[in-house]
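Open the structure in your viewer and keep the sequence beside it. This tour goes one selection at a time.

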Amino acid sequence: MLHSPAPASPTPRPAALNARDLVALEDRYGAHNYHPLDVVLTRAQGCWVWDLDGNRYLDCLAAYSAVNQGHNHPRIVAALVEQAGRLALTSRAFHNDQLGPFCQELSELTGFRRVLPMNTGAEAVETALKAVRKWGYKVKGVPEGQAEILCFSGNFSGRTISIISFSDEPQYRDGFGPFTPGFRILPYGDAAAVEAAITPNTVAVFMEPIQGEAGVVIPPPGTLSRIREICDEQEVLLIFDEIQSGLGRTGRMFAWQHENARPDGMVLGKALSGGLYPVSAFVADDALMDVFHPGDHGSTFGGNPLGAAVARAAIRVLVDEGLAENAALMGERFAAGLADLKQPSIAAIRQRGLWIGIELWPPVGGARTYAEALKARGLLCKETHIHTIRIAPPLTIQPAEVDWALEQLHAVFEQLD
Ligand SMILES: *Cc1c(COP(=O)(O)O)cnc(C)c1O
């Protein structure tokens, strides 16, 4: 029998698990591939999240910029619920009534003609890498198997084997070889190195316009536009990974707009769904995207109507609520409030929009201590590498919340230094 009848006297419900029990369960049954801060969250709204004991925290990580629109944005939740009750997944064997409008709206937002939807960021990066390689062979005339892609030190673009093949972070690679060939790593922000590294087999420069995981590392002014020129001169494609930097985070819709260095293709993810569902995409113009023919590439869930409906709502919220503009304004307010933080422990503060990296000196394991002290004061953030505190709240944050966050940061620096 498939369904057993309800027992005559129902077994008593077990007492709700407390935070310690839940952390222990994760530890006991989950793989140990993360080291989270010691807080168990159970609900959220806008910029704020709550733990099991009812403590409230300002979320200054925003799920690595996946919740730029704020947690549980009502318009995105409504789109998710409505679509989930109607049609969630068709596979791409059939058409659905959300994919076309999603592609159109993302094309209009980005200014790129074509959209190839995937799910996670790493998949969209893989899609971009496949596209530029195939373009190299079919359009540029690079000999089969010889395509080269130029990448940069300190990069982070995901965790697949091909993506970690161009990482220079030892921990991300240790034990995972053999690696995918065809990548060359250059110093980040060094346009001259790009020019010198290009060969007839170079198909693309693949780059984060600002590096997030590296600690909000901003290339020297003019770098993006100079690399754009070099790529044009040498018949090399320029692809930006805007998974974390894009969709309003830096105060512009896309980080490349700060230098008007329009790439040939762009990878998006994270906030493309406002955090409610994994949606990513590779966007490009026809000349590049036309390398894909039916059957060349795909994904069971990529372009599904549920994800497409959620992403459509997430895009509308970004635009209607002027979140890139708010990121620019609130980012300036944040930067001004940090400027008078003259602690000897701070080596540098980097900021673009609502993306702030506070680099500590000396660079020895300090950032986590600060993240823990901030947590105790109700501000959640996460160290990146060991020496940088990254502040990246939802782009819906308001002046009073920025001021409150600044108070906590000042207090923690005073307490720890
Ligand atoms: C998060 C991130 C990725 C990977 O996205 P996943 O959804 O975790 O696979 C790729 N590139 C950048 C810049 C990112 O921040």
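Into which domains is the protein chain divided? Select residues 19-69 together with 323-416 and colour them as domain 1, then colour 74-320 as domain 2. Keep in mind while looking that this is a predicted model.

**Stop 1: the two domains together**

Show both domains and mark the C-alpha centre of each; the two centres lie 26 Å apart. Where the domains touch, 28 residues of domain 1 and 29 residues of domain 2 take part in the contact. The size of an interface is often given as the accessible area lost when the parts come together. Between domain 1 and domain 2 the buried area is about 2300 Å², and carbon and sulfur atoms give 58% of it.

Now select Gln 69, Arg 352 and Trp 355 in domain 1. These are the residues of domain 1 that lose the most area to domain 2, and together they make up 34% of what that side buries.

**Stop 2: polar links across the contact**

How many salt bridges are there between domain 1 and domain 2? The count is one. For a salt bridge to look at, select Arg 390 and Glu 213 and show their side chains, which meet with 2.6 Å from N to O. Residue pairs in polar contact between the two domains number 16, with both residues at pLDDT 80 or more.

Next, colour the elements that give two or more residues to the side of domain 1 that touches domain 2. The helices are α2 (62-65) and α12 (323-339), and the strands are β11 (346-351), β12 (356-360) and β15 (388-391). By residue type, this side of domain 1 has 16 nonpolar, nine polar and three charged residues.

**Stop 3: an open sheet**

Select β1, β2, β3 and β13, which form an open sheet of four strands in that order, with mixed pairing. Why is one side of β1 (41-45) and of β13 (379-380) left without a neighbour in the sheet? Both strands stand at the edges and each has a single partner strand, so one side of each stays unpaired in the sheet.

Strands of a sheet pair through backbone hydrogen bonds, either parallel or antiparallel. Start with β1 and β2 (residues 48-51), which pair in the antiparallel sense over four bridges. Ala 44 has Val 49 in β2 as its bridge partner. The hairpin of β1 and β2 has two residues between the strands, and in this hairpin Gly 46 takes a positive phi near 60°.

Move on to β3 (residues 56-59), which runs parallel to β13 and is joined to β13 by two bridges. Select Asp 59 to find Leu 380 of β13 opposite.

**Stop 4: two backbone details**

Select Ala 62, which is found in helix α2. Its phi is near 55°, a positive value in a residue other than glycine.

Finally, go to the loop between α7 (170-173) and β6 (183-186), where Pro 178 lies. Is the peptide bond from Gly 177 to Pro 178 cis or trans? The bond is cis, with omega near 0°.

Note on methods: Residues are numbered from 1 along each chain as its sequence is written. This is a predicted model: local features need pLDDT of at least 70, side-chain atom pairs count only at pLDDT 80 or more; totals for chains, interfaces and linings use all residues. Side-chain values use heavy atoms; hydrogens and water are left out. Domain bounds come from an automatic or database domain assignment. Contact means heavy atoms within 4.5 Å. Buried area is the accessible area (1.4 Å probe) that two parts lose on being put together, summed over both. A salt bridge is a side-chain nitrogen of Lys or Arg within 4 Å of a carboxyl oxygen of Asp or Glu. A polar contact is a pair of N or O atoms within 3.5 Å; within protein, one must be able to donate a hydrogen and the other to accept it, and residues adjacent in sequence count only if both atoms are side-chain atoms. Ala, Val, Leu, Ile, Met, Phe, Trp, Tyr, Cys and Pro count as nonpolar, Asp, Glu, Lys and Arg as charged, and the others, Gly among them, as polar. Two strands pair if DSSP finds at least two bridges between them.
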